[in-house]
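Here are my notes on this one, as promised. Have the structure open while you read, since I hop around the chain a bit.

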Amino acid sequence: MDRSDKILIHMKSIQQISFGIMAAASLAACSPKVAATDAAVKDGAPDAIPCVTIRTDVPNKAFYKDVFMDGGLALSSNKNMPSLKVLGLTHEYIGVGKSTDENKAIQNSVMCCNENDANGVLLYPDGEPRFRMIYVNGGGADGHGRSIEYTGRQNLKQFVDNGGCYVGSCAGAYLIGTSYDHIHSGGYIGIWPGYVDGTSTPSWRVGYIIPEGSPLRKYSDFGGDFYIDSVTHHNGPFFQHYQQIPGTEVLAVNDYPAYKFHGYPSVIAYKADCFKGRVIPIGGHPEMVKGGERLELMCDIVRYALEGQGCAKAKAILSNGEMRRMTKSTEDEDPAHTKIGDRQCHHFVFALPKKARNIVVRLESLDNYELSLRLANGTFAFKEDAQYAAEGKDAVKELRFDELPAGTWYVGVQCESTVETKELGDHVEYSNTGILNGAAYSISVRWDNAATGRAVLAKGMDINEMIKKSINPALDGSDTDSTITRIVFRTGDRSTAGMRVDDRLRSEEPVYASIKDGVLTFTTAAAEFNSGTLPAFLFSGFSSVRSIDNLKALRTEEAETFMEMFQGCASLESIDLSGFKADRLVDANAMFKGCKLIKKIDISHFGKRPMENINNMLRLMPALEEVNLGAMEYVGWKDPNAVVANSGDKSNRTAKDRTVTIRCTRGLANAIASASLKAASVRFIDSATGEEFTPEWK
């Protein structure tokens, strides 16, 4: 009988099993995101805090190593598997062999605890899995379960409950259940809440069918027939009543017509929820085969197990200004405040409101261990996912930001310190074991909440004159100043340094201007600056200013005039006007006059403004190459000839081969007389259509 005949003979059984797989799709699972129950202030309120959402679709990624091989008492003492090498997985082992008091002491010091390790090799101090997966060898399930005692069995259960994966062959497969053939035993773990069926078979070679719907099909087709020959089966279990346990999936089916387990699952998988690890018991023994389809099968089983890693969890939601101390030990049974283990990552979240400023995330190691600090927006801050990080051996690490996008931020704290290892014949011996009981640390986040009141500037000319007189009493607003090289606008800043320059009758939050080392800084606790109605002359005459930082924080919706606003800023190379509004603007006279280094001006976003005066707006700008005036209308300016330069202004004629491109309406182009552009070659582009055109006067 060939393989295809075997598959056809058992199609009915397989269809029934496939139906069971489809039913299992309704297993209890976590939704992609879970909103925190903490009440959140509605957006727009004075300290608007977004609702915290903690993801439940991100698997844990931080472990000491990948796999622990359990070859303890009553089990085969295999310390490695070919599949681990194929998949490139790191591992450790115990393989103590004979049941002696000495071996039991070695096993339980590793699996349960010892004088240097209160947790056992499988668990971190907070009970989280230290390895991604445990593999349990064949042998005697009940004998092994009893040998590791209650503590060891609880550690295995906690390992899976907290997200670690479990794969076991034969005895390792029996061990997962609550009982064997309905005979309850104290040695079983119960991480699969059903009972397994015994076979009482000698060492047979059994065929495995990978049924339609099996998750293993996404990895391999096993020669095209989804069939594996000659898997050793030596008194291993099968799973006759798997359908009684929701969430159970069938991975492979026994093909052995001469015996009772024929047509029943030989390999199943079970995952209770998104936080728990996947459990895969295997009735047979493909684990030690070094090649062919049986090795391929074992590799695929391990792959699928690791895909079922439990989701990452957050320790806490941090509040603004809270310092959380992670100093508890295993025996305190307080995992939310317990120390961190070697190569483990702890996670915290915080909800950042829209107007938060001056954000500081601070980590302090309280022991002599190396910890890393990471930060990610919207997802867990594992090393590969974090946008910001502070690493190294310094005990204190900080991440500082002027501002960050509002929403849920994830903090990751990872312990880079670990044990040193020495491979012995029956187990791995550790030194530098202090880290096994955890590293204590504190974590905090704080920020300033910008006030909601309006910060309205005084008249631009008044501010300009106050600043210049503070530098030199002989200067006034019309004079130039060469000591200031940079101007900065800072919001959410409660500094009161310098002079107060807000409109005290209209401003709800004060504005201060201070000067230090050539930097003029405007500060306010509010979220933005409001220019008021008259910001004219605000930056006029600052001849050495090379940059204006955060100019977008200056709101200009109320401004009626920008007259001489940047006049004489001869060292500015560019101005970002994208945040400027022109809702009430009627006057931009000499706005950029004398900005000798600026090549491009774009005020197209001012819209279709009925401007009354832009006389000399772009005068004395020898580097100018492009102007975009958008849909600005001509409504009878005082001297439209002088938009770019007066006809008699020889100082603007620096290069007869200079080309200036002006984007504007055709009507506005006709108002700009040829006399104003004698020094340059001019191209006019219709701002509405993008077409080049020639004004009537040309």
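1. Start with asparagine 103, which counts as buried at 11% relative accessibility. Keep in mind as you look that this is a predicted model. Asparagine 103 belongs to helix α4 (residues 101–111). Setting aside residues up to four places away in sequence, its contacts are Leu73, Val96, Gly97, Lys98 and Asp426.

2. Lysine 339 is another polar side chain to check. Its relative accessibility is 17%, so lysine 339 counts as buried, the cut-off being under 20%. You'll find lysine 339 in the loop between β16 (323–326) and β17 (345–352). Beyond its neighbours within four places in sequence, lysine 339 has a long contact list: Pro125, Met326, Thr327, Lys328, Ser329, Gln344, His346, Asn437, Gly438, Ala439 and Ala440. Aspartate 126 is also worth a look: its C-alpha is 7.1 Å from that of lysine 339, although the two residues are 213 apart in sequence.

3. For the overall picture, the protein chain has ten helices and 40 strands. Out of its 698 residues, 54% count as buried. Among contacts with a separation of 6 or more, 74% are between residues 24 or more positions apart.

4. Now helix α9, residues 460–471. How far apart should the ends of its twelve residues be, at 1.5 Å a residue? The expected span is 16 Å, and the end C-alpha atoms of α9 are 17 Å apart, which agrees. The buried residues in α9 are Gly460, Ile463, Asn464, Ile467 and Lys468. These cover an arc of only 125° around the axis, so they sit on the same side of α9. What do the buried residues of α9 pack against? Their partners are the strands β28 (499–500), β29 (511–516) and β30 (519–524).

5. Lysine 468 comes back in a second role. Besides being one of the buried residues of α9, lysine 468 lies over the face of phenylalanine 542, at 5.2 Å from the ring centre. There is also an arginine in this kind of arrangement: arginine 130 lies over the face of tyrosine 64, with 3.7 Å to the ring centre.

6. On to the aromatics. Searching the whole structure turns up 23 aromatic pairs. Phenylalanine 238 and tyrosine 264 make one that is tilted, with 5.8 Å from centre to centre and 40° between the planes. Phenylalanine 238 is in the loop between β11 (227–234) and β12 (248–255), while tyrosine 264 is in the loop between β12 and β13 (265–270), so this pair ties together parts 26 residues apart in sequence. Is each partner buried or exposed? Phenylalanine 238 counts as buried at 3% relative accessibility, whereas tyrosine 264, at 29%, counts as partly exposed. Both belong to a cluster linked by ring pairs, made up of Trp204, Phe238, Tyr256, Tyr259, Phe261 and Tyr264.

7. Two backbone angles deserve a glance. Most residues other than glycine have a negative phi. Serine 230 is not a glycine, yet its phi is positive, at about 55°. This serine is in strand β11, and at 30% relative accessibility serine 230 counts as partly exposed. Asparagine 550 also has a positive phi, about 60°, without being a glycine. Asparagine 550 lies in the loop between β32 (547–549) and β33 (554–555), and its 29% relative accessibility makes it partly exposed. I'd look at both by eye.

8. Last, the cysteines. How many disulfides does the structure hold? The count is zero. Cysteine 569 shows why for its own case: the closest cysteine sulfur, in cysteine 595, is 5.2 Å from its own sulfur, too far for a bond, given that a disulfide needs the two sulfur atoms within 2.5 Å. Cysteine 569 is buried, with a relative accessible area of 1%. Cysteine 165 counts as buried too, at 0% relative accessibility.

Technical notes: Residues numbered from 1 in each chain as written. Predicted model: local features only at pLDDT ≥ 70, side-chain atom pairs only at ≥ 80, totals over all residues. Heavy atoms only, no water. Phe/Tyr/Trp six-rings, centres within 6.5 Å; stacked < 30°, edge-to-face > 60°. Helix = DSSP H or I, 4+ residues; strand = E, 2+ residues; numbered from the N terminus. Buried < 20%, exposed > 50% of the residue type's maximum accessible area, 1.4 Å probe, protein only. Lys NZ or Arg CZ within 6 Å of the ring centre and 35° of its normal. Expected span 1.5 Å × (residues − 1). Arc of directions from axis to C-beta. Contact = heavy atoms within 4.5 Å.
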